[in-house]
Amino acid sequence: MFSFSLRPRRNKSAETAKERLQILLAHERADGESPDYLPMLQKEILEVVQRHLSVSQDHVEVKIDREKDISALEINIEIPGPSSLKVKAGA
Amino acid sequence: MAKIIVVTSGKGGVGKTTSSAAIGAGLALRGYKTVVIDFDVGLRNLDMIMGCERRVVFDFINVIQGDAKLKQALIKDKRLENLFVLPTSQTRDKDALTIEGVEQVLNELKEEFDYIVCDSPAGIERGAHLAMYFADEAIVVTNPEVSSVRDSDRVLGLLQSKTRHAEEGVEVKTHLLLTRYDKERVARGEMLNVEDVLEILAIPLIGIIPESQTVLKASNIGMPVVLDDKSAAGKAYEDAVARLDGEERDMRYEGEEKPGFFQRLLGKTG
Ligand SMILES: Nc1ncnc2c1ncn2[C@@H]1O[C@H](COP(=O)(O)OP(=O)(O)OP(=O)(O)O)[C@@H](O)[C@H]1O
Ligand SMILES: [Mg+2]
């Protein structure tokens, strides 16, 4: 059994709270009322990839890590093994 | 067989989200694969309390509407192997939740998880109804004050009439979780005591969570309070989870631990 303790942090937790909120809210405000660009982005990327490879939404992993100055968006597309891989004509 | 547990209350701000996070993490600590779902559409908060707010990609509504796969929307906790969060949408309104959509997502989750914890929004409207509808068990979060107890009673009525189990003539198992319990104010007669609340609501008590500074600190840093196993609130949640899991434990209602003289000198208190 392991244990986490809040004690050694003394009263600094409010600073952490402020920082977390600033980062999150900056992103939410920038996104405005239409932050649903990610489903759209995924759909469009998938369409492009599908022109060349047979992959489905199940093979896509999208990760995001929002930071203060820069965010990392990571899109992993798992390509099925050679047996099931059907490269489309001309590709 | 997966168990669906709703954390509900009627009244707002009594500690549902805090409790959902703590209970979810507590179950994961006990080795159960657990997912906590935020049903509070438009007011996403569970992600903050669980510390994964910066990693939200897709949400519950995206999954219901077919814009994302369930697997893509689940966020894995960074501390606990067995813990996952399904965040809600911050921008849609609660009409985006449909009963069919919720059922489909829950059915899919049941295949993979041992426990599905549903963090209900306040009130008794659509969101709260959907959060409780498919539940096998309910944790009714109550503060020791009149309006909270009254709302809990109302919710208990709904649990036994407006849920799928109720419609099929099966009783939903209910547990009372008394939170923000301030022993000193109870002693001064300013707040209802445990016995009063139990006498009125007449359901089994699963735990008493003291009013505690640690809860605020845990939310500040985005860590379920049960992970602080030194704190009274953390221990109280750990006990409650053990009881939920069928273990017998004596009910201890510790207040917030008051720092000893030496600890204060050493500045080790938070
Ligand atoms: N045991 C406790 N001691 C001290 N503060 C607490 C305790 N439990 C919850 N709180 C505080 O009460 C507030 C409301 O908690 P929480 O968000 O969990 O309630 P909720 O029932 O989910 O609210 P809502 O109805 O808005 O969804 C928060 O500020 C939280 O930190
Ligand atoms: Mg809440």
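In this predicted model, helix 1 of chain B is followed by Gly31(B), a residue whose phi is positive, near 95°. The helix itself takes in residues 16-29 of chain B, and because each of its 14 residues should add 1.5 Å, a span of 20 Å is expected, with which the 19 Å between its end C-alpha atoms agrees. Helix 1 of chain B is mostly covered, since 11 of its 14 residues are buried. The buried set begins with Lys16(B) and includes Ser19(B), Ser20(B), Ala21(B) and Ala22(B), and among its other members are Ile23(B), Gly24(B), Ala25(B), Gly26(B), Leu27(B) and Ala28(B). In general, an α-helix has 3.6 residues a turn, so that residues three or four places apart point the same way.

Helix 1 of chain B also takes part in the surroundings of ligand 1, to whose shell it contributes 3 residues, the largest share. Both helix 1 and strand 8 of chain B, the latter formed by residues 205-210, supply at least two residues each to this shell. There are 15 residues around ligand 1, and of these Gly13(B), Lys16(B), Thr17(B), Thr18(B) and Ser212(B) come nearest. Lys16(B), one of these nearest residues, is also one of the buried residues of helix 1 of chain B.

Several backbone atoms of chain B lie within a few ångströms of oxygen atoms of the ligand, as the following distances show. A backbone N or O atom of Thr17(B) is placed 2.8 Å from an oxygen atom of ligand 1, while for Gly13(B) the separation between a backbone N or O atom and an oxygen atom of the ligand is 2.9 Å. A polar backbone atom of Val14(B) is found 3.2 Å from an oxygen atom of ligand 1. On its own, ligand 1 has 630 Å² of accessible area, of which the protein covers 77%. The space that ligand 1 takes up is the largest pocket.

Gly12(B) belongs to the loop that connects strand 1, residues 3-8, with helix 1 of chain B. Its relative accessibility is 37%, and Gly12(B) therefore counts as partly exposed. Although Gly12(B) and Ser120(B) are 108 residues apart in sequence, their C-alpha atoms are 10.0 Å apart in space. Another such pair is formed by Asp151(B) and Ser9(B), which are 142 residues apart along the chain and whose C-alpha atoms are separated by 6.7 Å. Asp151(B) is located in helix 7 of chain B, which comprises residues 146-159, and with a relative accessible area of 27% this aspartate is partly exposed.

Glu103(B) is likewise a helical residue, being found in helix 5 of chain B, residues 99-112. Its relative accessible area of 26% places Glu103(B) in the partly exposed class. For Glu103(B) and Gln213(B), a separation of 110 residues in sequence goes with a C-alpha to C-alpha distance of 37 Å.

Two residues of chain B were examined for their backbone geometry. As a general matter, most residues other than glycine have a negative phi. Arg180(B), however, has a positive phi of about 55° although it is not a glycine. This arginine lies in strand 7 of chain B, which runs over residues 173-181, and at 40% relative accessibility Arg180(B) counts as partly exposed. Ala202(B), which is not a glycine either, has a positive phi of about 50°. In contrast to a position within a strand, Ala202(B) is found in the loop between helix 10, residues 194-201, and strand 8 of chain B. Ala202(B) counts as exposed because its relative accessibility is 61%, where exposed refers to values over 50%.

Chain A remains to be described. Its secondary structure amounts to 2 helices and 2 strands, and when followed from the N terminus the elements are arranged in the order α-α-β-β. Chain A has 91 residues, of which 20% count as buried.

Key. Residues are numbered from 1 along each chain as its sequence is written. Chains are lettered from A and ligands numbered from 1 in the order in which they are written. This is a predicted model: local features need pLDDT of at least 70, side-chain atom pairs count only at pLDDT 80 or more; totals for chains, interfaces and linings use all residues. Side-chain values use heavy atoms; hydrogens and water are left out. Helices (H or I, at least four residues) and strands (E, at least two) are DSSP runs, numbered from the N terminus. The expected span of a helix is 1.5 Å times one less than its number of residues. Buried means under 20% relative accessible area, exposed over 50%, partly exposed in between (1.4 Å probe, protein chains only). A residue is near a molecule or strand if one of its heavy atoms lies within 4 Å of it. A polar contact is a pair of N or O atoms within 3.5 Å; within protein, one must be able to donate a hydrogen and the other to accept it, and residues adjacent in sequence count only if both atoms are side-chain atoms. Accessible areas come from the Shrake-Rupley method with a 1.4 Å probe; for residues, only the protein chains shown count as cover. On a 1 Å grid over the protein atoms alone, a cavity is a set of points where a 1.4 Å probe fits but cannot get out, and a pocket is an open set with protein on both sides within 12 Å along at least five of seven lines; lining residues have an atom within 4 Å of a point. A molecule sits in a cavity or pocket if more than half of its atoms lie within 2 Å of its grid points.
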